Amino acid sequence: MSNAYDLAHHRSLTDPAAFWGEAAQDISWYKTWDKVLDDSNPPFYRWFTGGLVNTCYNAVDRHVENGRADQAAILYDSPVIGVKRKITYAELKDLTARFAGVLAGLGVKKGDRVIIYMPMVPEAVVAMLASARLGAVHSVVFGGFAASELATRINDAGPTVIVSASCGIEGQKVIPYKPLLDHAIELATHKPAHTVILRRPEAEAVLIPGRDVDWEEQMAGATPHDCVPVAATDPLYILYTSGTTGQPKGVVRDNGGHMVALKWTMANIYNVKPGEVYWAASDVGWVVGHSYIVYAPLLHGCTTVVYEGKPVGTPDAGAFWRMISEYRIGTLFTAPTAFRAIKRDDPDATLLAEYDLSPLKILFLAGERSDPDTLQWAERHLKVPVVDHWWQTETGWAIAANCMGIHPFPVKHGSPTKAAPGWDVQVLDEGHHSCKPGQAGSLVVKLPLPPGTLMTLWNADQRFVDSYMYEFPGYYKTADAGYIDEDGYIYVMSRTDDIINVAGHRLSTGAMEEVLASHPDVAECAVVGVHDTMKGQLPLGFLVLKAGVTKSHDQILKEVVALVRERIGPVAAFKTATIVKRLPKTRSGKILRGTMQKIADHETFKMPATIDDPAILEEIEEDLTQIGYARAREQQA
Ligand code: COA
Ligand code: AMP
């Protein structure tokens, strides 16, 4: 063993109790744990059992008590409406304690759920922390989802209260949130007792008497609420993510293990010091937003940034550079798609010359595979280390990363470097045997997972086991495929399920197929993710119509595009579909989605041995050519 990374990684796997027990000293406990790792009921591992803690206390109050009262906790910047705000830790404590009082006054108690459907405003962070303060369980729903997706989450989580706003600013558009919320509550079978609405000047919101209350009015008369001690193993939040069906998976995170792991990552993966400005340019509705806009930077006493803009168009491709120079941002974390968007609009990064980028020390990328081109473009222009790291909603923090605070390794473009401490990552083939270095297979993690990862799926323990723990007994299935090279560098190449990654957003093609199949004229359908230079992937639909349909094809295509937008939301970015005579299938009836994707992407492919009728591929190709996807295929019988 030759370096600090090897030592840390080895110790984290051979003596996890000592490793994480030590890391837990950085958190304030009302009562320390009886056991660091409770492995009595696998695969339901629990961390820090017997411990009592409060996440909001550790993220806010403790910094006020320890000399950070006047330090900025949140810097808010909404470029299109021109609003900027600085919130100190003392102010954040006051806001959070009062909003916890508001929630308590509306009946929220420890263990109750609070749904937060908010744009990127500081009040979204306040609502999350206030929920944590009460020991309640928040579930943030991304604003780009449609009312019916919100309704599904309302039914599953069963919230006492929903916190929302009159509108969000999305690019140059004002998106009214309240009508979407009203519609979602109408659709849902579970009805929340109350909603709290932040009324913004950009859009009116009509409040329903008895159910809806106004954020400002409630805050004006609120009694501050203190932090409620909860068990380390009590849930802090549920975050829904795409599964393989229209029913999203409610990933459950605990309080104790989550804090310990995230606090540890700030020093060891990100190499950030308390007091520094850390910006994750994402959205609170995604896991990156939960972990690295809200919890990790605040637990570490950093200043976090809430940005209600885009990398381009608000107003231009210099937006990120302005933020870095204006707020003296030392660490930036975003998805590669944001850099592809900047690169597209300003290929030579000429706008950089207008700003002082000297505060920036490092750029982290995650959310999708970092294509080497984009990564090298960022290195060349920013002249700072660019670190790719791999993680998932389920894991809450990086499975693989170049640990900049432990032992930085040379970068290999296309790899998120090595397994982070706590993670025993392996590659298994279909027969569950270990793959040799360089040989591709399923990326799996030997159990137990480290602290901060998913405890279970909300109300769905069996689905948790079936989805992640069943296929490879003793391992967590990441559903990513890839390989590990002879130096231990991990390469994440693709998903093994129907999840696609559109502009860093995780979407299920299965869920889109469910929507398409509900159209009255559609007999059969398939959705695949095709390559897109900016967003990474885009969904493409194939429809087979029912016999006797006389409606124009154009009309049907318009209707299905509108249907996906209405049922899943604009974030699905479902804009293209084509009508085909038949879908290619295996003799056993399985749709050959992979082959269709390869034809659309001009990739060579091997004729599937089990294909029922190879002639269908010719038809598919002709249809795709007509909508701008051409062919370059090599058939090998
Ligand atoms: N509320 C309402 N609508 C939203 C929304 C929100 N919070 N977020 C996105 N949408 C809408 C967009 O307006 C767009 O609608 P349109 O079809 O009417 O144009 C649609 O959903 C698709 O959005 P998006 O995929 O974000 O595409 P875009 O072209 O607007 O922006 C990027 C593309 C790359 C600039 C943007 O996705 C981005 O900055 N991504 C990188 C950062 C990130 O968020 N990563 C997530 C995980 S780290
Ligand atoms: P999400 O749950 O939205 O964070 O999406 C997780 C998925 O995004 C992973 O399972 C991967 O498929 C993909 N992903 C995230 N980060 C990376 C990365 N650094 N390299 C390759 N794929 C990634």
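Biologist: What makes Asp 388 a polar contact of ligand 2?

Modeller: Keep in mind that this is a predicted model. A nitrogen atom of ligand 2 sits 2.8 Å from an N or O atom in the side chain of Asp 388. The cut-off for a polar contact is 3.5 Å between N or O atoms, so the pair qualifies.

Biologist: And how much of ligand 2 does the protein cover?

Modeller: On its own, ligand 2 has 500 Å² of accessible area, and the protein covers 92% of that. Among the other contacts, a polar backbone atom of His 389 is 2.7 Å from a nitrogen atom of ligand 2, and the side chain of Arg 495 puts an N or O atom 2.7 Å from an oxygen atom of the ligand.

Biologist: How do the 15 residues around ligand 2 divide by type?

Modeller: There are 4 nonpolar, 5 polar and 6 charged residues in that shell.

Biologist: Over to ligand 1. What is the distance between Gly 144 and ligand 1, and why does the pair count as a polar contact?

Modeller: A backbone N or O atom of Gly 144 lies 3.5 Å from a nitrogen atom of ligand 1. The rule says within 3.5 Å, so this one is counted. Gly 143 has a polar backbone atom 3.4 Å from a nitrogen atom of ligand 1, and a side-chain N or O atom of Lys 173 is 3.0 Å from an oxygen atom of the ligand. As for cover, the protein buries 85% of the 950 Å² that ligand 1 exposes when taken alone.

Biologist: Which domains supply the shell around ligand 1?

Modeller: Domain 1 (4-309 + 389-482) and domain 2 (503-635) each give at least three residues. The shell has 24 residues, split into 12 nonpolar, 6 polar and 6 charged.

Biologist: Now the backbone. What is the phi of Thr 417, and is the residue buried or exposed?

Modeller: Thr 417 has a positive phi of about 75 degrees without being a glycine. Most residues other than glycine have a negative phi. Thr 417 has a relative accessible area of 3%, and buried means under 20%, so it is called buried.

Biologist: Why is Lys 383 called exposed, then?

Modeller: Lys 383 has 69% relative accessibility and the cut-off is over 50%, so it counts as exposed. Lys 383 has a positive phi as well, about 55 degrees, and is found in the loop between α13 (372-382) and β20 (386-388).

Biologist: Where is Pro 43, and what is the peptide bond leading to it?

Modeller: Pro 43 is in the loop between β1 (35-38) and β2 (46-49). The bond from Pro 42 to Pro 43 is cis, with omega near 5 degrees.

Key
Residues numbered from 1 in each chain as written. Chains lettered and ligands numbered in written order. Predicted model: local features only at pLDDT ≥ 70, side-chain atom pairs only at ≥ 80, totals over all residues. Heavy atoms only, no water. Near = heavy atom within 4 Å. Polar contact = N/O pair within 3.5 Å; in protein donor to acceptor, adjacent residues only side chain to side chain. Areas by Shrake-Rupley, 256 points an atom, 1.4 Å probe, with all protein chains shown as cover. Nonpolar A, V, L, I, M, F, W, Y, C, P; charged D, E, K, R; others polar. Domains from an automatic or database assignment. Helix = DSSP H or I, 4+ residues; strand = E, 2+ residues; numbered from the N terminus. Buried < 20%, exposed > 50% of the residue type's maximum accessible area, 1.4 Å probe, protein only.
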